[in-house]
Amino acid sequence: MQRCITVCFAMILLCSAAFAQDTAKNESKSPVVVIKTSLGLIEVQLNPEKAPVTVENFLSYVNESFYDSTLIERAIPDFLIQGGGFTVNMVQLATKAPITNEAANGLKNLRGTIAMARALDPHSATCLFYINLKDNASFDHKNDSKRGFGYAVFGEVLEGMDVADAIAQVKTKRVANVSEAFPLELVVIESIRLKKSAE
């Protein structure tokens, strides 16, 4: 009887350890970042399984505190908010090399997703990201042409869409070579951190 109890207890411990390992693996596969803005927090789960290059690139900026004291530079209600490329002094930051566009990964530009902004060249994304405030099907991959390539989604908002919506409600103005909808009152990205290190 005693041996049976011991064996059962050992099996429970092994199962618990295996579950803990699986949980840790899942957490590492789907990192969560906290975007701290001057209007509140936005919590985002990244998707390295579908967008490995994009997530690695984004986290490389996050790990270097690149986004600290940068701006939301584009805020359009029922469309998107975009930021991460300019300091609060309106200095455009130097970036890493552009990355391969993973827009064909099957992820859609649905409300609440985060994706990479870019120039006309499909493979020109660096640090700029945006959050969709509605389903933006026109941003999805359709073909490999410049017009149809689309924009790479690499995660989704878990909490804080109310904050994203609130950011989009600020008054804006056109600023040449920056944005057609630049917030009159600066909306600051104070930091972006992996959730395990976020306070």
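**Exercise 1. Locate Ser124 in this predicted model and describe its surroundings.**

Step 1. Ser124 sits in the loop that runs between β5 (113-116) and β6.

Step 2. Is Ser124 buried or exposed? Its relative accessible area is 18%. The cut-off for buried is under 20%, so Ser124 counts as buried.

Step 3. Not counting residues up to four places away in sequence, Ser124 touches Pro98, Ile99, Arg118 and Ala119.

Step 4. With Ala119 there is also a polar approach: the side chain of Ser124 reaches the backbone nitrogen of Ala119 at 2.9 Å.

**Exercise 2. Determine which residues of helix α3 are buried, and where they lie on the helix.**

Step 1. Helix α3 spans residues 161-168; its buried residues are Met161, Val163, Ala164, Ile167 and Ala168.

Step 2. Viewed down the axis of α3, the buried residues fall within an arc of 155 degrees, so they line one face of the helix.

Step 3. An α-helix has 3.6 residues a turn, so residues three or four places apart point the same way.

Step 4. Which strands do the buried residues of α3 pack against? They pack against β1 (32-37), β2 (40-46), β3 (70-76), β4 (80-87), β6 (129-132) and β7 (153-159).

**Exercise 3. Identify stretches of the chain where pLDDT is under 50.**

Step 1. For the protein chain, the mean pLDDT is 89, and 84% of residues reach 70 or more.

Step 2. Residues 4-10 stay under 50, and the model has 0 contacts for them beyond four places in sequence.

Step 3. Residues 22-27 are also below 50, with 0 contacts beyond near neighbours in sequence.

Step 4. Where pLDDT is low, the predicted coordinates should not be read in detail.

Methods: Residues are numbered from 1 along each chain as its sequence is written. This is a predicted model: local features need pLDDT of at least 70, side-chain atom pairs count only at pLDDT 80 or more; totals for chains, interfaces and linings use all residues. Side-chain values use heavy atoms; hydrogens and water are left out. Buried means under 20% relative accessible area, exposed over 50%, partly exposed in between (1.4 Å probe, protein chains only). Helices (H or I, at least four residues) and strands (E, at least two) are DSSP runs, numbered from the N terminus. The arc is that of the directions from the helix axis to the C-beta atoms. Contact means heavy atoms within 4.5 Å. pLDDT is the predictor's confidence in each residue, from 0 to 100. A polar contact is a pair of N or O atoms within 3.5 Å; within protein, one must be able to donate a hydrogen and the other to accept it, and residues adjacent in sequence count only if both atoms are side-chain atoms.
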